[in-house]
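Got the viewer open? Let's take a walk through this one, selection by selection.

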Amino acid sequence: MNISTEHIEQLQGLLNGPKKIVIVSHTNPDGDALGSSLALAEVLQQKGHSVTCIVPNRYPYYLKWIPSLERVIVHSLDEEGRAERAIGEAEIIICADMNAISRLENLGEAIKANHSAKRVLIDHHLSPEEGFDVMFSHPEASSTAFVVYCILDAMYGKTVFTQTIATQLYVGMITDTGNFAFSALTPELFRAVATLCETGIDIPQIYNNVYNSFTEGRARLFGYVINRKMKTLIKGTVAYMSLTEEEMRRYWFQQGDNEGFVNYPLTVKKMRMSAMFTEQHGFIRVSLRSRGEVDVNTFARRYFNGGGHRNAAGGKSFVSMDETIRHYIESVNEYHEEGLV
Ligand code: 5GP
Ligand code: MN
């Protein structure tokens with residue numbers, strides 16, 4: 001990955017002397033959001049800075065084991081106002097694994113209110129917004145954790161990677177690549193993994209912690225969704241599924257339990273695109289996945305006010321589940337007529 005020397009120097013300039021730093025990441029934080037934020041925090045703290053990690057809402061229970069996760073402040077649960085205080089006092093705000101302040105929901109307001117802090121973006125999503133003082137935007141990277149790895153390597157060398165930091169980064173790398181199965185896998189990424197491996201991280205244990213630590217309810221909900229809720233369009237090449245709050249309650253739903261469901265229809269050979277609609281308080285979360293050239297980033301932007309990557313994107317819908325599904329079917333048909341799916 002080509003990390004700009006100029007940007008590294010700019011970042012080093014900002015980190016000249018102990019600084020108050022806030023690291024924020026996107027709503028519905030995943031392994032990459034958490035792993036990248038924590039690894040950065042760990043190193044910056046080691047270098048004498050004071051660092052606060054903040055996410056807008058809760059993370060999935062099966063990621064709770066990630067080293068140092070307890071230091072992450074969940075803004076929606078933060079009754080004492082620690083997050084907003086830290087943002088108000090911050091000299092540097094680092095946005096990790098997100099391309100727009102709007103991805104922070106309410107937390108975005110607090111960040112906009114701090115006019116003096118320098119803003120740094122470290123990300124791999126397409127179409128980053130403007131307004132950052134230093135930008136490491138790498139849509140070609142498979143995870144933000146890999147971008148963080150390259151930045152830390154460029155700034156401090158490989159001795160900076162302790163076993164804790166390596167575990168945090170490895171979680172980000174596997175969760176965003178489906179355990180090294182999706183696109184953008186490069187020799188350089190595997191060389192980075194080799195370096196992390198040399199710190200003695202327990203790869204099978206990390207895999208088990210991330211992928212084999214769900215509840216029984218999650219397993220049964222998954223069976224229900226695939227068997228009863230998966231519908232197909234365009235001769236079985238486009239799928240969609242939905243989950244209402246009532247259905248989630250039936251299976252003792254916990255935050256994060258539906259993570260990854262949207263990928264499953266793509267295990268069918270001819271499937272090209274998949275969508276999952278999940279009812280949340282006041283809106284419907286839209287998750288999209290695709291294969292090869294089918295571009296769900298454009299689809300999410302055009303039809304669901306969202307975005308993401310070519311093969312993994314998301315958005316929101318503020319109408320009922322039935323209307324959302326109707327809108328999806330019409331949009332898929334339009335996309336199909338244009339030869340895009
Ligand atoms: P997921 O389906 O896992 O929630 O999200 C897949 C990808 O789409 C992630 O890279 C995520 O950042 C992006 N994404 C999900 N929801 C939204 C959204 O509402 N707006 C934008 N811009 N991107 C989203
Ligand atoms: Mn990511």
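**Stop one: the parallel sheet**

Start by picking Asp123 and Ser137: Ser137, in β6, is the bridge partner of Asp123. Keep in mind as you click around that this is a predicted model. Now widen the selection to strand β5, residues 118-123, together with β6; the two pair in the parallel sense, over four bridges.

Where do these two strands sit in the whole sheet? Show the six strands of this open sheet and read them off in the order β3-β2-β1-β4-β5-β6, with parallel pairing. The edges are β3 (72-74) and β6 (134-137); each has a single partner strand, so one side of each is left without a neighbour in the sheet. Look along the sheet for its twist: on average, neighbouring strands are turned by 20 degrees against each other, direction ignored.

**Stop two: helices on that sheet**

Select residues 5-14 next. This is helix α1, which packs on the sheet and touches β4 (92-96), β5 and β6. Its direction makes about 135 degrees with that of β6.

Then bring up helix α2, residues 31-46. You'll find α2 lying across β1 (20-25), β2 (50-55), β3, β4 and β5, and running at about 170 degrees to β2.

**Stop three: α2 against α5**

Keep α2 on screen and add helix α5, residues 144-156. Their axes are 8 Å apart, and the helices pack at an angle of about 15 degrees. That angle makes α2 roughly parallel to α5. The crossing of the pair is left-handed.

For the side chains at this contact, select Asp32, Ser36, Ala39, Leu40, Val43 and Leu44 on α2, then Thr144, Ala145, Val148, Leu152 and Tyr156 on α5. Colour them by type and you get eight nonpolar residues, two polar and one charged.

**Stop four: the other face-off, α5 with α7**

Hide α2, leave α5 up, and show helix α7, residues 187-198, which is where Thr195 is found. At what angle do the axes of α5 and α7 cross? Roughly 70 degrees, and the axes come within 11 Å. The two helices are therefore roughly perpendicular to each other.

On the α5 side, pick Phe146, Tyr149 and Cys150; they meet Glu188, Leu189, Ala192, Thr195 and Leu196 of α7. By type, the residues of this contact come out as six nonpolar, one polar and one charged.

Stay on Thr195 for a moment. Is Thr195 buried or exposed? Its relative accessible area is 12%, so Thr195 counts as buried. Leave aside its neighbours within four places in sequence, and Thr195 is in contact with Tyr149, Lys158 and Phe161.

**Stop five: a buried alanine**

Jump back along the chain to helix α3, residues 82-89, and select Ala83 there. Ala83 has 0% relative accessibility and counts as buried. Not counting residues up to four places away in sequence, Ala83 touches Ile54, Ile73, His75 and Asp78. For a quick distance check, try Ala83 and Leu107: the C-alpha atoms are 8.6 Å apart, with 24 residues of sequence separation.

**Stop six: the mixed sheet**

Now for the other open sheet. Show its six strands in the order β7-β8-β9-β10-β12-β11, and note the mixed pairing. At the edges stand β7 and β11 (307-308), each with a single partner strand, so one side of each has no neighbour in the sheet.

Zoom in on strand β8, residues 238-243. Six of its six residues are buried, so β8 is largely enclosed by the rest of the structure. Turn on side chains: Val238, Tyr240 and Ser242 point one way, while Ala239, Met241 and Leu243 point the other.

Add strand β7, residues 231-233; three bridges join β7 to β8, and the two run antiparallel. Click Thr232 to see Ala239 of β8 opposite. There are four residues between the strands of this hairpin, and in the hairpin Ile234 takes a positive phi near 45 degrees.

On to strand β9, residues 273-280, which pairs with β8 in the parallel sense over six bridges. Ala239 has a bridge partner here too: Ser274 in β9.

Keep going to strand β10, residues 283-290: eight bridges join β9 to β10, and these two run antiparallel. One bridge to look at has Ala275 partnered with Leu288 in β10. Last selection: helix α11, residues 296-304, which packs on the sheet and touches β9, β10, β11 and β12 (312-317). The direction of α11 makes about 10 degrees with that of β12.

Notes
Residues numbered from 1 in each chain as written. Chains lettered and ligands numbered in written order. Predicted model: local features only at pLDDT ≥ 70, side-chain atom pairs only at ≥ 80, totals over all residues. Heavy atoms only, no water. Pairing = 2+ DSSP bridges. Axes fitted to C-alpha atoms, helices over the stretch in contact; angles between N-to-C directions. Contact = heavy atoms within 4.5 Å. Parallel < 35°, antiparallel > 145°, perpendicular 65-115°, else oblique. Left-handed = near helix turned anticlockwise from the far one by under 90°. Nonpolar A, V, L, I, M, F, W, Y, C, P; charged D, E, K, R; others polar. Buried < 20%, exposed > 50% of the residue type's maximum accessible area, 1.4 Å probe, protein only.
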